[in-house]
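Subject: The structure I promised you

Hi,

Here is the structure we talked about. Have a look at it first, and my notes on what turned up follow below.

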Amino acid sequence: MFEYAPAPESRDVVDLRSSYGLFINGEFVEGSGPSFKTVNPATEETLAEVATASSDDVDRAVQAARKAFGAWSALPGSERAKYLFRIARLIQERARELAVLESLDNGKPIRESRDVDLPLVAAHFFYYAGWADKLAYAGFGTKPLGVAGQVIPWNFPLLMLAWKIAPALACGNTVVLKPAETTPLTALLFADICRQADLPPGVVNIVTGAGETGAAVVAHPDVNKVAFTGSTEVGRIIARAVAGTNKKLTLELGGKAANIVFDDAAVDQAVEGIVNGIFFNQGHVCCAGSRLLVQESIQEELLAALKRRLGTLRLGDPLDKNTDIGAINSAEQLAKIRRLSDLGESEGAERWSPACELPGRGFWFPPTLFTGVAQSHSIAREEIFGPVLSVLTFRTPAEAVEKANNTPYGLSAGVWTEKGSRILWMADRLRAGVVWANTFNKFDPTSPFGGYKESGYGREGGLHGLEAYLDV
Amino acid sequence: MSTLTTSLADVASSDAALRAFLHGLPGVDRVGADQRAAMLGTRSIKTSAKAQAIDLAISMVDLTTLEGADTAGKVRAMCAKAVRPGGDAPSVAAVCVYPDLVSVAADALKGTGIKIASVATAFPSGRTSLEVKVSDTSLAVAAGADEIDMVIDRGAFLSGHYMKVYEEIVAVKAACGAAHLKVILETGELSTYDNVRRASWLAMLAGADFIKTSTGKVSPAATPPVTLIMLEAVRDFRDATGRQVGVKPAGGIRTTKDAIKNLVLVNETAGDDWLTPEWFRLGASSLLNDLLMQRQKLATGRYAGPDYFTQD
């Protein structure tokens, strides 16, 4: 037996304070709402007290952003680019600190925050820094919108911040951003990076708090643009709140993506893609491949290979460098995953998990797969947002397309086949914003991302991502 | 594997049947295989796990010298190192030499339990007749080789003459007698990962006891994705046939880090059953001293200079 000894990343690199305020007009200030605790989901220890921004605080933040907008939008694009490049480099310099803090507050494995999240965060700032002085060539004009109110989720706290802030700033907007209440810490560390980069006060403002703070940001009359990533439920509320105003809106919401494996697929890599599709970030991924559609002719061998592979996943301390599956982000989310999984069983699907010891404290859920799932089962329809895979089968390419599209969502899809023509045929027919071929959960700042149907509207990333932040 | 439920006995009945079988194996996606190998390369093996891995790696080394300048003196020196690498480190698994030096190694290693491996079959190119390859093998075995490292005919493989490759392996295996046969695929010349998988299966079907990546004379040699694919092949072959085949990456493995990455690949792909010198070897020469240096560092907390490790 070759057992890997614990290999924890050191926490010392993070200077964790006992309490955090809001970041408004370039300064950390007290919030007027009651403070709340943010915990380490792997241990339930309190990491820090964080201020709640009241609607007055949000108003101050929006005013600061409005005041900063004039000078910021008047800067030549090449000057704004300098700030963004500086921020990108500072993110790289402080990558370890940011990665450790992200894993502490979110529960995701350090391997992912270190090797996926942080490189992408820096890449986003570098990429949009490059656009700042070339907007005239993008085709959406060069006129910014004004103040952007941005509300982001807890699954990729810093990466979602980058997706929102980098294009907004590149286009000449100023922002008020609200991170999720369970993962506010890296956004506040990012605020420190903005100060370090000498970003003019008010260009970036961070207000922390729960749903009410987010609602205040969205509803503020002086906000010109609202960008939200999160659940479809909250997305609907925001769409209603914004309806009838002049605010421009982009929504990136839920998903129930199909990962479609044909019988001629490269089996070993398909298994890796399935694992990466649903167990990456504990399945807390809006574009997760939560429905495996496998061709009936290879169902048995693929499931055998998949189960063997799940047996090698290493669940535990998110800061251990060898951990593959970290903690569920919150007690609420864990309850939701448990409820839907129990529902899956009671509706008749067969549940399976590898032998897997869960830590005694914290929020944990084993990697789980359901076989014998029918389209009508709740676990095939509802977004679970956890490490739970529903396995369905199909017989023909047409049936695969029909089943894949038969969902109110349409964020992403995966196709596994060695046949190039079939990939193109499928991609033409799948109603999903992203179709991955022989890979899954691959992100790049140059590539637009966004949904069909109830997965939202608007695109983030790439040239397309500029449109959301310009007055077209 | 559905393709494997066809009776494996019939697979090598004709060139057409063999081709249909090998081309019916699931493909390998290069991007995905590279990504998986790279991810496993990030495993952090520290403290007690590192100590265990270093000793395991030492015990798996096929200590090798394959130079035109090799002499009896050089081989004897290497054999002495193989038996007692240094300190209380374990002995290596085998030494690997050219056929004409097998008898020298056999004398030097008598009674030690260390195996004598010999390359044969017109190593490294394999460009000679089957008769010469077979007698090359027989002479090495007669001189005392426990293991034969043969090369496949890559030209025949690349031109689709799978039966020729198969029959040569069968003939060399017969000449091996009781000696174990390691079949070198020379993956650097096969070029695609699909070819690596097909050649692995071809060698196993023909009776290989081990499949080995490279001669060490061609670059690239034992890259992590290639070793990964070969480990998947032996795993799937055992599932299909019940017979276990060993794997030997060789060439380009120079540091302790490289060696540990290989052990991680084994651990998370083929599994525990392959984590012994009986089923996994590391073909290397300079690797051993780096393993010894890291071993001492782990025990004492300090690096000793290179002069404290013998150059043999």
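Let's start in chain A, where A:Ser412 stands opposite A:Val434 of strand S17(A). Before you read on, please keep in mind that this is a predicted model.

That pair belongs to a longer match-up: strand S16 of chain A, residues 412-416, is joined to S17(A) by 4 bridges, and the two run parallel. Both strands sit in an open sheet of 7 strands in chain A, ordered S13-S14-S15-S12-S11-S16-S17, with mixed pairing. Its edges are strand S13 (350-352) and strand S17 (434-437) of chain A, each of which pairs on one side only. On average, and ignoring direction, neighbouring strands of this sheet are turned by 20° against each other. There is a helix to look for here too: H11 of chain A (residues 331-346) lies across S13, strand S14 (368-371) and strand S15 (388-394) of chain A, and runs at about 130° to S13(A).

Next, the start of chain A. A:Phe2 lies in the segment before strand S1 (19-20) of that chain. Which residues does A:Phe2 touch, once its neighbours within four places in sequence are left aside? They are B:Gln52, B:Ala53, B:Leu263, B:Asn267 and B:Leu275. A:Phe2 has 17 other C-beta atoms within 10 Å, so it comes out as partly exposed. If you want a sense of scale, A:Phe2 and A:Phe363 are 361 residues apart in sequence and 28 Å apart in space, C-alpha to C-alpha.

Over in chain B, two helix pairs caught my eye.

The pair H9 (residues 162-176) and H11 (residues 193-205) of chain B packs at an angle of about 45°, with the axes 9 Å apart. H9(B) and H11(B) are therefore oblique to each other, and H9(B) passes H11(B) in a right-handed crossing. From H9(B), B:Tyr162, B:Val165, B:Tyr166 and B:Ile169 meet B:Leu202, B:Ala203 and B:Leu205 of H11(B). By class, that contact has 7 nonpolar residues, no polar and no charged ones.

The other pair is H12 (residues 224-241) with H13 (residues 256-269) of chain B, at about 30° and with axes 10 Å apart. Why do H12(B) and H13(B) count as roughly parallel? Because angles under 35 degrees are put in that class, and theirs is about 30°. The crossing of H12(B) past H13(B) is right-handed. H12(B) brings B:Pro224, B:Thr227, B:Leu228, B:Leu231, B:Glu232 and B:Arg235 to the contact, while H13(B) brings B:Lys261, B:Asn262, B:Leu265, B:Val266 and B:Thr269. The classes here are 5 nonpolar, 3 polar and 3 charged.

Last, some backbone details. Most residues other than glycine have a negative phi, and most peptide bonds are trans. Here are the exceptions I noted:

- B:Phe123 and B:Pro124 are joined by a cis peptide bond, with omega about 0°; B:Pro124 lies in the loop between strand S3 (115-119) and helix H7 (130-142) of chain B.
- The bond from B:Ser219 to B:Pro220 is cis as well, omega being near 0°, and B:Pro220 is in the loop between strand S6 (210-212) and H12 of chain B.
- A:Asp198 has a positive phi, near 60°. A:Asp198 sits in the loop between helix H6 (185-196) and strand S8 (204-206) of chain A and is exposed, with 11 other C-beta atoms within 10 Å.
- A:Lys453 has a positive phi of about 50°. A:Lys453 is in the loop between S17 and strand S18 (456-457) of chain A and is partly exposed, with 18 other C-beta atoms within 10 Å.

Cheers

Note on methods:
Residues numbered from 1 in each chain as written. Chains lettered and ligands numbered in written order. Predicted model: local features only at pLDDT ≥ 70, side-chain atom pairs only at ≥ 80, totals over all residues. Buried ≥ 20, exposed ≤ 12 C-beta atoms within 10 Å, placed from the backbone. Contact = placed C-beta atoms within 7 Å. Pairing = 2+ DSSP bridges. Axes fitted to C-alpha atoms, helices over the stretch in contact; angles between N-to-C directions. Parallel < 35°, antiparallel > 145°, perpendicular 65-115°, else oblique. Left-handed = near helix turned anticlockwise from the far one by under 90°. Nonpolar A, V, L, I, M, F, W, Y, C, P; charged D, E, K, R; others polar.
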